[in-house]
Amino acid sequence: MKSAFLIAAPHSGSGKTTIARGLMALFSRMGYTVQPFKCGPDYIDTKFHERVCGRPSVNLDSFFASEEHLRSLFAHYAEDADIAIVEGMMGLFDGYDRDRGSSYEIARILGLPVVLVVDARSAAYSMAALLSGFINFRRDLRLAGVIYNKVGSERHFQMLRQVCDELHVPCLGYLPKQTELETASRYLGLDFTAPFLSSHEGGELSLESLFEEHIDWRAIVNNSIPEAQEHRKSVPPSLGEGQGVGFLVARNAESFSFLYQETLDHLTALGPVDFFDPEDQHFQFSILNSQFIYLPGGYPEKHLEALAGNEACRRAIRDFAEQGGHIVAECGGMMYLCQSIVTDDGEYPMCGVLPYKISARKADRKLSLGYRRFTLDGKEYRGHEFHYTQFLGDVPPSIVQVYNAKGEPVSTPVFRYKNVLASYTHLCEPFPL
């Protein structure tokens, strides 16, 4: 690994994803092997990364994992890469408890320099006060430099460059303010079905050419040498020897799309993994040959006709559960196991393993968001929750008390039926075998 850095910003909406995608695309086109990472439990930005880099993006989350595990994880996935690019989350110091869990903490743990992306609209010399605060707030912060975003003109940029010169911070360039660079938001996050801004797709804005023209990418590479950490391991501790367990994993572009790469690699190390699409009525099921079914989260409420129409799949999963088969279902997967999902257009039958109804009606939409943890059978589980759908009627009783990152109780229920474990919580380790 020649270079590694973390892209952060003072606050959300500054342009981290645009900068991350642009640098990933630029370096990939130049022939570098780029390994992408994402801070936090985000499933959306990682899809951007994989599309650009041609290799899966890996989540780094200090609430889920110990510092040693994060170092091992980073070293393992970046081992054969020329450049490792970590996209931060929220503001640089924003975590679940002050700066705990923040992008800054990830950079500190991994010894990574930070490229700070700053929204420069309607500001000039006032940037000196903002940047000075970020530079001096944590003395161990390694700042590789600053990229200004949404710059109004070349004259505007020269004023901003003076700020960096005065503070002795490398100015790594800028992106001009252009409406085409404003990535539209949809649903829970950015619309990853929108066309990628690339010179490889004719007629679209060339984000790469803008970076070549306005961003000092050579300085980024030269300023972004990670700290040597001899205690890193080459293989994450979760990737042990296989135990011969068979897994059947639901995977679909939207309905069941929220999968951590580390989780898939962990399952593969434990035994053979097969995938199936619950919307595909022509899929020939081999459920009886699998010992576990994993139903990850996604947007099943957007494909209810297809899911309800595949009665054979719903029946096979229900029979598997009734016969004592092991199932882990998270968020959208849990919804799929319920009796039905109700929308403004009607009610759609699901697997019927759990006797609950889920409302996806607009009037019932309510954001449930945050880290979650609970203890079951002597083991602590950690994960996160992010959804708008709700249980229809009262929240069903939980088999355990669930807490947020600060240890405060929350109403998120966890269900166990025979060998089925289900919840709205996306678990960081769904099969702790």
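This is a short talk on helix packing, two sheets and a salt bridge in one predicted model.

Okay, let's start with the helices. Keep in mind throughout that we're looking at a prediction. Two packed helices are described by the angle between their axes and the distance between the axes, and I'll give you both for each pair.

First up, helix 1, residues 16-29, and helix 2, residues 45-53. They pack at an angle of about 20°, and their axes are 9 Å apart. An angle under 35 degrees counts as roughly parallel, so that's what we call helix 1 and helix 2. The crossing between helix 1 and helix 2 is right-handed. If you want to click on the residues, helix 1 brings Thr17, Arg21, Met24, Ala25 and Ser28, and helix 2 answers with Asp45, Phe48, His49, Val52 and Cys53. What's the mix in that contact of helix 1 with helix 2, nonpolar, polar or charged? Five of the residues are nonpolar, three are polar and two are charged.

Now move along to helix 3, residues 67-78, which comes up twice in this talk. Let's take its contact with helix 4, residues 103-110. Here the angle is about 75° and the axes sit 9 Å apart. That makes helix 3 roughly perpendicular to helix 4. On the helix 3 side you'll find Glu67, Leu70, Arg71 and Phe74; on the helix 4 side, Ile106, Arg108, Ile109 and Leu110. By class, the contact of helix 3 with helix 4 has five nonpolar residues, three charged ones and no polar ones.

Helix 3 also packs with helix 9, residues 261-270, at about 85°, with the axes 13 Å apart. Again, the angle makes this pair, helix 3 and helix 9, roughly perpendicular. His69, Leu73 and Tyr77 of helix 3 touch Gln261, Glu262 and Asp265 of helix 9. The contact of helix 3 with helix 9 splits into two nonpolar, two polar and two charged residues.

On to the sheets. There's an open sheet of six strands, in the order 11-10-12-13-23-22, and the pairing is mixed. Which strands are at the edges? Strand 11, at 273-276, and strand 22, at 414-417, each of which pairs on one side only. From one strand to the next, the twist averages 15°. Helix 11, residues 311-322, packs on this sheet, and it touches strands 11, 12, 13, 22 and 23. The direction of helix 11 makes about 120° with that of strand 13.

Let's zoom in on that strand 22 edge. Strand 22 and strand 23, residues 420-423, pair antiparallel over four bridges. To find your way along the pair, Arg416 is opposite Leu421, and Val414 has Ser423 as its bridge partner. Strands 22 and 23 form a hairpin with two residues between them, and Lys418 in the turn has a positive phi of about 55°.

The other sheet I want to show is an open one too, with four strands in the order 15-14-16-19 and mixed pairing. Strand 15, at 346-349, and strand 19, at 390-391, are at the edges with a single partner strand each, so one side of each has no neighbour in the sheet. Strand 19 runs antiparallel to strand 16, residues 354-359, and two bridges join them. One landmark there is Ser359, whose bridge partner in strand 19 is Gln390.

Last topic, charges. Side chains of opposite charge can pair when their charged atoms come close. How many salt bridges does the model have? The count comes to 18. One of them is between Lys150 and Asp119, where the closest N and O atoms are 3.7 Å apart. This pair links distant parts of the chain: Lys150 is in strand 6, residues 143-151, Asp119 is in strand 5, residues 114-119, and they're 31 residues apart.

That's what I have. Happy to rotate the structure for anyone.

Terms used:
Residues numbered from 1 in each chain as written. Predicted model: local features only at pLDDT ≥ 70, side-chain atom pairs only at ≥ 80, totals over all residues. Heavy atoms only, no water. Axes fitted to C-alpha atoms, helices over the stretch in contact; angles between N-to-C directions. Parallel < 35°, antiparallel > 145°, perpendicular 65-115°, else oblique. Left-handed = near helix turned anticlockwise from the far one by under 90°. Contact = heavy atoms within 4.5 Å. Nonpolar A, V, L, I, M, F, W, Y, C, P; charged D, E, K, R; others polar. Pairing = 2+ DSSP bridges. Salt bridge = Lys/Arg side-chain N within 4 Å of Asp/Glu carboxyl O.
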